[in-house]
Amino acid sequence: MTRFQNGSRLLSYTFFRSKTTSPVSPTIALIQGNFQIQHSCHFSNLARATTKEEKEPWWKDSMERLRNIGISAHIDSGKTTLTERILYYTGRIHEIHEVRGRDGVGAKMDSMDLEREKGITIQSAATYCTWNGYQVNIIDTPGHVDFTIEVERALRVLDGAILVLCSVGGVQSQSITVDRQMRRYEVPRLAFINKLDRMGADPWKVLNQARSKLRHHSAAVQVPIGLEDDFQGLIDLVKMKAYYFHGSSGEKIVTEEIPVEMEALVTEKRRELIETVSEVDDKLADVFLADEPISTSDLEEAIRRATIAKKFVPVFMGSAFKNKGVQPLLDGVLSFLPCPPEVNNFALDQTKGEEKVVLSGTPDGPLVALAFKLEEGRFGQLTYLRIYEGVIRKGDFIVNVNTGKKIKVPRLVRMHSNEMEDIQEAHAGQIVAVFGVDCASGDTFTDGSVRYTMTSMNVPEPVMSLAIQPVSKDSGGQFSKALNRFQKEDPTFRVGLDPESAQTIISGMGELHLDIYVERIRREYKVDASVGKPRVNFRETITQRAEFDYLHKKQTGGQGQYGRVCGYIEPIPEGSMTKFEFDNMIVGQVIPSNFIPAIEKGFKEAANSGSLIGHPVENLRIALTDGAAHAVDSSELAFKLAAIYAFRQCYTAAKPVILEPVMLVELKVPTEFQGTVAGDINKRKGLIVGNDQDGDDSVITAHVPLNNMFGYSTALRSMTQGKGEFTMEYKEHSPVSQDVQMQLVNTYKASKAAE
């Protein structure tokens with residue numbers, strides 16, 4: 001039983017311990033009765049102290065001393081460097097290595113050889129560390145848009161996040177995407193403005209960009225002492241102290257009074273912080289309006305309340321590379337981000353028609369865990385689980401709610417990048433991994449007493465395809481093993497077979513995404529694969545309604561084939577969630593109801609390849625209004641064929657068009673090259689939608705068809721003397737122009753004729 005009483009900001013829980021919950025060590029006797037949880041996870045004393053053996057619940061301390069955080073940002077903002085420093089200061093690693101592996105070692109969290117060579121993060125990696133007696137689970141995520149699913153699944157299971165922003169680059173395109181993902185999963189966050197030691201660092205410009213571009217209600221909780229080469233330390237606006245970082249790796253923190261020359265700026269920035277938090281926190285607003293002095297603890301608690309309520313984003317500063325500002329950021333994670341019981345997580349009860357259930361987030365309930373990431377390890381499939389409620393033990397039986405299978409947990413581990421540590425049990429709020437459990441990404445596990453599933457993640461559609469085949473015939477087995485594994489691990493990586501050319505087609509989020517997988521097939525499975533030219537995932541759709549009336553009749557001696565279908569096809573209105581709808585509007589039994597599924601199957605099959613260029617047809621509604629059947633000659637096959645031919649018959653009358661993926665491209669180029677770059681975008685049939693000035697650079701935003709973006713990175717380098725950079729992400733599928741449509745159709749017809 002759970003009671004929420006909002007007015008006094010008090011949560012009062014009553015737990016009844018059942019026989020199914022976990023046993024407790026003999027030293028800890030468990031209470032049965034009421035206890036209260038004060039806001040901010042500070043548990044008050046027990047309302048009823050009876051005998052001496054009765055203590056607070058066994059999990060109380062470990063739950064409030066637990067943080068699950070992710071580190072996300074635009075490419076090259078310093079996520080992995082920051083994680084490396086956090087691991088060093090918390091004692092998890094004993095020396096610092098750089099991201100690109102220049103010292104032959106590489107950052108701890110980039111465990112793949114490919115990651116170390118390219119200096120990018122490809123897979124999100126999990127680790128845990130201890131800071132000031134708190135356990136912090138961290139997931140370091142990729143910045144590149146091609147690996148966006150890694151960010152999605154990390155944010156899906158985290159309680160809080162650090163958004164890293166570059167003090168020179170500011171809020172970039174991928175920062176906006178990551179922030180949108182954080183909003184989607186309602187993750188409270190801190191912002192960390194990194195690279196204050198770099199030339200051109202301007203944290204106040206970045207803070208204003210975060211307010212305008214990300215619509216953050218934010219304020220700085222620190223002020224830097226000096227910038228660029230002169231960056232020395234930080235002033236904490238909450239505690240009103242100056243911090244300097246000494247020692248070879250910034251491990252010695254020296255606390256001093258605020259320098260006299262900075263007092264005016266610090267007073268102004270502290271007032272700005274208090275005003276910003278007061279706008280969203282009533283308790284602080286009362287003190288502020290009454291003009292009473294605001295103590296450190298008042299301000300700290302107000303920032304925590306506003307951050308957890310997702311109404312405020314505290315902004316920290318520093319330079320991870322120069323080892324400055326990381327420890328205060330860790331303190332901020334403990335002070336301002338929520339512990340697991342403070343986050344509302346919902347499950348869907350499958351026994352009650354997917355009714356929403358609030359999970360208590362404590363170990364005192366039935367087990368509910370989500371498999372959010374799969375990896376093929378040396379010992380078989382490694383499944384990452386986030387436990388939302390209950391306890392999981394090695395040797396326990398757990399049930400996969402999505403498949404109904406009962407599985408034993410053979411081995412339970414905690415991850416530290418690619419190293420693992422065996423554990424016997426784990427409870428709510430923790431992130432662990434299990435071996436030898438066959439499941440898919442997004443499956444929910446319970447102890448069998450409830451049938452809850454967690455809501456799934458948002459999986460974007462792939463936009464690019466490649467034909468791929470192994471060079472040698474002998475390696476076919478390893479090749480298909482690799483493709484099966486990658487499909488399981490990554491929901492945005494799809495594998496299909498081209499029915500015409502019988503080639504294997506892989507699809508993904510972009511050129512880099514597919515390149516990495518081709519490279520991994522070569523390295524991890526020792527299979528050399530030849531790759532065809534990248535192909536864009538076009539779609540077809542119709543623009544107007546068209547009627548069909550088709551009779552399929554075949555007499556061959558013995559039972560013939562007979563099926564007639566009548567109705568119409570029409571486009572689905574824009575913004576609809578479904579891409580294909582089938583509506584049976586037949587009144588009576590002119591077609592026996594057992595043939596209707598075969599008709600739907602026929603239309604679906606026909607829509608898999610449109611007659612313009614053979615790509616799938618989308619945004620299509622088919623209405624079946626009439627038909628005829630024969631007592632003897634009608635069969636499922638006859639009606640399926642009738643549907644296929646009826647679709648082909650009326651498709652041209654519905655004025656079909658080809659849709660192509662359009663990308664949102666953001667370019668940052670020196671102003672002197674602005675004209676050349678803009679001209680080139682127009683040549684690529686792009687539409688420029690924004691042009692901002694950022695110092696000496698121009699930031700151009702454009703919508704460009706993906707088909708015209710192949711090899712763009714090389715072209716941009718040569719146009720800008722290597723100074724331009726760009727990022728792109730999928731925006732939408734939209735109709736191609738008439739001349740492009742003619743060209744695509746003619747190419748398709750020519751290739752068909754050649755066969």
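## Briefing: rings, cores and loops in a predicted model

Arg545 is placed over the face of Tyr568, at 3.5 Å from the ring centre. The structure discussed here is a predicted model, and its chain is made up of 755 residues, of which 55% count as buried. The secondary structure of the chain comprises 17 helices and 41 strands, and among contacts with a separation of 6 or more, 69% are between residues 24 or more positions apart. The points below take up the surface, the nonpolar cores, the aromatic and charged side chains, the cysteines and selected loops.

**Surface**

- The accessible surface of the chain amounts to about 33,600 Å², and carbon and sulfur atoms account for 49% of that area.

**The largest nonpolar core and helix α10**

- In soluble globular proteins, nonpolar side chains tend to be buried together.
- The largest nonpolar core of this chain holds 50 residues, and Leu82, Ile162, Leu273 and Ile303 are those with the most contacts inside it.
- Helix α10 supplies the largest share of this core, namely 6 residues.
- Helix α10 spans residues 326–336, and because 9 of its 11 residues are buried, the helix is largely enclosed by the rest of the structure.
- The buried residues of α10 are Val326, Gln327, Pro328, Leu329, Leu330, Gly332, Val333, Leu334 and Phe336, and two of these, Leu329 and Val333, appear among the contacts of Ile162.
- Once neighbours within four places in sequence are left aside, the other contacts of Ile162 are with Ile69, Gly70, Ile71, Ser72, Leu82, Met182, Leu190 and Phe192.

**The second core**

- A second core, separate from the one described above, has 42 residues and includes Phe493, Ile521, Met709 and Val745.
- Phe493, named in this second core, also belongs to a cluster in which ring pairs link Phe486, Phe493, Tyr517 and Tyr525.
- Met709, likewise named in the second core, is one of the residues in contact with Arg684.

**Aromatic pairs**

- A search of the whole structure yields 12 aromatic pairs, one of which joins Tyr88 and Tyr89 in an edge-to-face arrangement, with 5.6 Å from centre to centre and 65° between the planes.
- Tyr89 counts as buried, its relative accessibility being 12%.
- Phe486 and Tyr525 also form an edge-to-face pair, since their ring centres are 6.3 Å apart and their planes stand at 85°.
- Phe486 belongs to helix α11 (residues 476–489) and Tyr525 to helix α12 (residues 511–525), so this pair ties together parts that are 39 residues apart in sequence.
- Both members of the pair are buried, Phe486 with a relative accessibility of 0% and Tyr525 with a relative accessible area of 10%.

**Charges over rings**

- Besides the pairing of Arg545 with Tyr568 at 3.5 Å, Arg386 lies over the face of Tyr388, at 4.7 Å from the ring centre.

**Cysteines**

- The search of the whole structure finds 0 disulfides.
- Two of the cysteines are buried: Cys129 has a relative accessible area of 0%, and Cys166 has a relative accessibility of 5%.

**Arg684 and its surroundings**

- Arg684 is located in the loop that runs between α15 (674–683) and β39 (687–694), and at 16% relative accessibility this arginine counts as buried, because the cut-off for that class is under 20%.
- With neighbours within four places in sequence left aside, Arg684 is in contact with Val704, Pro705, Asn708, Met709, Phe710, Tyr712 and Ala715.
- Leu706 is 22 residues from Arg684 along the chain, and the C-alpha atoms of these two residues are separated by 9.5 Å.

**Asparagines with positive phi**

- Asn323, a residue other than glycine, has a positive phi near 60°, and its place is in the loop between β14 (313–317) and α10.
- Asn323 is buried, with a relative accessibility of 11%.
- Asn619 likewise has a positive phi, of about 50°, although it is not a glycine, and Asn619 is found in the loop between α13 (596–607) and β37 (620–628).
- The relative accessible area of Asn619 is 27%, and this residue is therefore partly exposed, whereas Asn323 counts as buried.

Key. Residues numbered from 1 in each chain as written. Predicted model: local features only at pLDDT ≥ 70, side-chain atom pairs only at ≥ 80, totals over all residues. Heavy atoms only, no water. Disulfide = S-S within 2.5 Å. Buried < 20%, exposed > 50% of the residue type's maximum accessible area, 1.4 Å probe, protein only. Phe/Tyr/Trp six-rings, centres within 6.5 Å; stacked < 30°, edge-to-face > 60°. Helix = DSSP H or I, 4+ residues; strand = E, 2+ residues; numbered from the N terminus. Lys NZ or Arg CZ within 6 Å of the ring centre and 35° of its normal. Contact = heavy atoms within 4.5 Å. Areas by Shrake-Rupley, 256 points an atom, 1.4 Å probe, with all protein chains shown as cover. Core = buried A, V, L, I, M, F, W, Y, C linked by side-chain atoms within 4.5 Å.
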